[in-house]
Amino acid sequence: MTPNIILFNGKIHSFDTANKGATAVAIEGNKIVAVGSDQEIMKLSTSETQTIDLNKKRAIPGINDSHIHVIRGGLSYNMELRWDGVPSLSEALNMLKEQVLRTPSPQWVRVVGGWCYHQFNEKRLPTLEEINAISPDTPVFILHLYDRAFLNAAALRVVGFTKDSKAPPGGEIQKDKNGDPTGLILATPNATILYATLAMGPKLPEEHQMNSTRHFMKELNRLGITSIIDAGGGFQNYPEDYTVINKLNENKQLTVRIAYNLFTQKPKHEFEDFDNWTKTVVLYQGDDMYRHNGAGEMLVFSAADFEDFIQPRPDLPDEMEDELEKVVRLLVEKRWPFRIHATYNESITRFLNVFEKVNSDTPFNGLQWIFDHAETIDQNNIDRVKKLDGGIAVQSRMAYQGEIFTDRYGTEAALETPPVKRMLESGIPIGGGSDATRVNSYNPWISLYWLTTGKTVGGLKLYNDQMLLDRDIALQIYTRGSAWFSNELDKKGDIKVGLLADLTVLDQDYFEVRDEEIKNIEASLTIVDGRIVFARDEFSSFSPEPIPVLPDWSPVKIYGGYHSIVRANGNLDMGKLNTAKENILASIHSCAGSCNVHGHNQNIARFSNIPISNYRSFWGALGCSCFAF
């Protein structure tokens, strides 16, 4: 045994009781080869071993998002202005204003998911008047959940919406009293109009798409994510839209493990898609970094029960059962695992009727199958899922739509939406996920915050204490739990000898911080496949070479991804903060002049580790703490 990396002097969190209290981990190649005390593990060190002092920081198994849309999201990540985690609408609109000035014609400025208006201090959506005033000439597209999109006048001109434009079924183009489009398009509740309109925008060239996908993976690494399961998605065609991710894998440039499901794109022709794929795609083809994972989440379009909680629950059409049975029967015969989008209990009941019918003459016999979402599933259907050996992938959609769900269905209905604790008690495999990027944010710490506190990003407490998960169980869902959904429990999901070397070292101790601090956790060091893929703070010397951001006007170059101060190698890089960014922060803190306490430089205080640096906390919200002196 000759480890190439040893982590020591840490707090190693393993679900294996034999490793409780461990402080060190040894990695050889891409596998974990030893877990134990510093004394035990350091004996394995050689002159070739890279030893890293964790300084008592917490190391956990790498986070695994069991339902996300990375392949599609990566292609456009560098084009998108992200409002994920932005605390006020005023700051979000300032970001929009700045990005409009940077964006060249014919590109759009896009805000595509990851936020909801309840996260803003103002508790409201932007208005079309505000958006048009900020950008009269550059097209702007702003997507809010699966509910609506705002298009400014310039975007309306580009997409060609006029008085005569008709929305697809289940969608609406809002028009004024003169019959002209206002710029608001609505899912009622079908989101096709939102996706189709977004797809009209310019695409990045392949070189930039590869760069964009690498930056998206780096952003996931920054949050401790080491594996994901890509659930396909609308307008994500196979194999055309998989070219970039294939090339990155061939070039050994993936920094997140990806298992992908195939999602049909052809209403009324879904069977043909799956019949073709089961003949031409080898199940699980690929390697441990990038591999096929089965069918879904869309199996047939008639089974899509859209989760726009602003709208009433949709009734699925009568032909759904026949169409779904035909596809499921094919997949069971071919032994292809499958997953299906299922929001409402009423839909789940009908889906299970189909599955049980198929199982009666073409037995599942342990074939892995999954319900995605399952917000309102009841105990009877949980028991039916258990009987058919299914799993449920849960996402933090209620963290972003909890207030909306409660407004429609009431606080009592929201108490167990979804009933994660009852699912676990029933012995069903549960995987954690985000459903990012077009509704929720990809930040797993928001999901873990929601699971353990029951709160939305807007601060509403949805669940009573009996329904909450303890932190260890919630983390298991997002690590070992998710590994079940790609049939890889024997490969990853824990810090344990023989498993793949995927782990992350946290900047704050998940098991010790206050509840409200969970959502602010990030990684200080992330290792995937035995390679350091992200490092900052005291580990910045181990950081891989930075990747330039393409194109030059990309919002990612200025703002990064999930809302945080721009940092380079874990330290504030003042050179990368433009004047507008500093002005925004100054306005938040209500202090832009000199200060005798802070050495006449307010930014030193804002960007330091003292409480003012977090303007969402007590001191930061009030402004510069020098007033207390």
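**Close-up 1. A salt-bridge network takes in six residues.** Glu219, Arg222, Asp507, Glu522, Arg536 and Asp537 are linked to one another through a network of salt bridges. Keep in mind that this is a predicted model. Across the whole structure, a search turns up 42 salt bridges. The general idea is a familiar one: side chains of opposite charge can pair when their charged atoms come close. The next three views pick out individual pairs.

**Close-up 2. Arginine 257 pairs with aspartate 529.** The two side chains meet in a salt bridge, 2.8 Å from N to O. Arginine 257 sits in strand β14 (residues 257–262), while aspartate 529 is in the loop between β21 (523–528) and β22 (531–535), so the pair ties together parts that are 272 residues apart in sequence. With a relative accessible area of just 1%, arginine 257 is buried. The same two side chains are also joined by a polar contact of 2.8 Å.

**Close-up 3. What else does arginine 257 touch?** Leaving aside residues up to four places away in sequence, arginine 257 has contacts that include Thr226, Ser227 and Ile228. Asp288 and Met289 are also among the residues it touches. So are Lys492, Leu500 and Asp502, along with Val528 and the salt-bridge partner Asp529.

**Close-up 4. Arginine 339 and aspartate 372 form a buried pair.** Their closest N and O atoms are 2.6 Å apart, and the two residues form a salt bridge. This pair links distant parts of the chain: arginine 339 belongs to strand β16 (residues 338–342) and aspartate 372 to strand β17 (residues 369–373), 33 residues apart. Are these two buried or exposed? Arginine 339 is buried, at 0% relative accessible area, and aspartate 372 counts as buried too, also at 0%.

**Close-up 5. Arginine 148 bridges to aspartate 147.** Here the closest N and O atoms of the salt bridge are 2.5 Å apart. Aspartate 147 has 2% relative accessibility and counts as buried. Arginine 148 comes in at 19%; buried means under 20%, so this residue still counts as buried.

**Close-up 6. Strands β11 and β12 make a hairpin.** Strand β11 (residues 171–175) runs antiparallel to strand β12 (residues 181–187), and four bridges join the two. To find your way along the pairing, look for isoleucine 173, whose bridge partner in β12 is isoleucine 185. Five residues lie between the hairpin strands, and in that turn glycine 179 has a positive phi of about 90°.

**Close-up 7. Two prolines follow cis peptide bonds.** The bond from serine 105 to proline 106 is cis, with omega near 5°. You'll find proline 106 in the loop between α3 (89–102) and β8 (109–112). Another cis bond runs from leucine 550 to proline 551, this one with omega near 0°. Proline 551 has its place in the loop between β22 and α18 (555–559).

**Close-up 8. Tyrosine 284 and aspartate 389 have positive phi values.** Neither is a glycine: phi is near 65° for tyrosine 284 and about 60° for aspartate 389. Tyrosine 284 is in the loop between α9 (270–280) and β15 (290–295), and at 26% relative accessibility it counts as partly exposed. Aspartate 389 is in the loop between α12 (379–387) and β18 (391–395). At 47% relative accessibility, aspartate 389 is partly exposed as well.

Notes
Residues are numbered from 1 along each chain as its sequence is written. This is a predicted model: local features need pLDDT of at least 70, side-chain atom pairs count only at pLDDT 80 or more; totals for chains, interfaces and linings use all residues. Side-chain values use heavy atoms; hydrogens and water are left out. A salt bridge is a side-chain nitrogen of Lys or Arg within 4 Å of a carboxyl oxygen of Asp or Glu. Buried means under 20% relative accessible area, exposed over 50%, partly exposed in between (1.4 Å probe, protein chains only). A polar contact is a pair of N or O atoms within 3.5 Å; within protein, one must be able to donate a hydrogen and the other to accept it, and residues adjacent in sequence count only if both atoms are side-chain atoms. Contact means heavy atoms within 4.5 Å. Two strands pair if DSSP finds at least two bridges between them.
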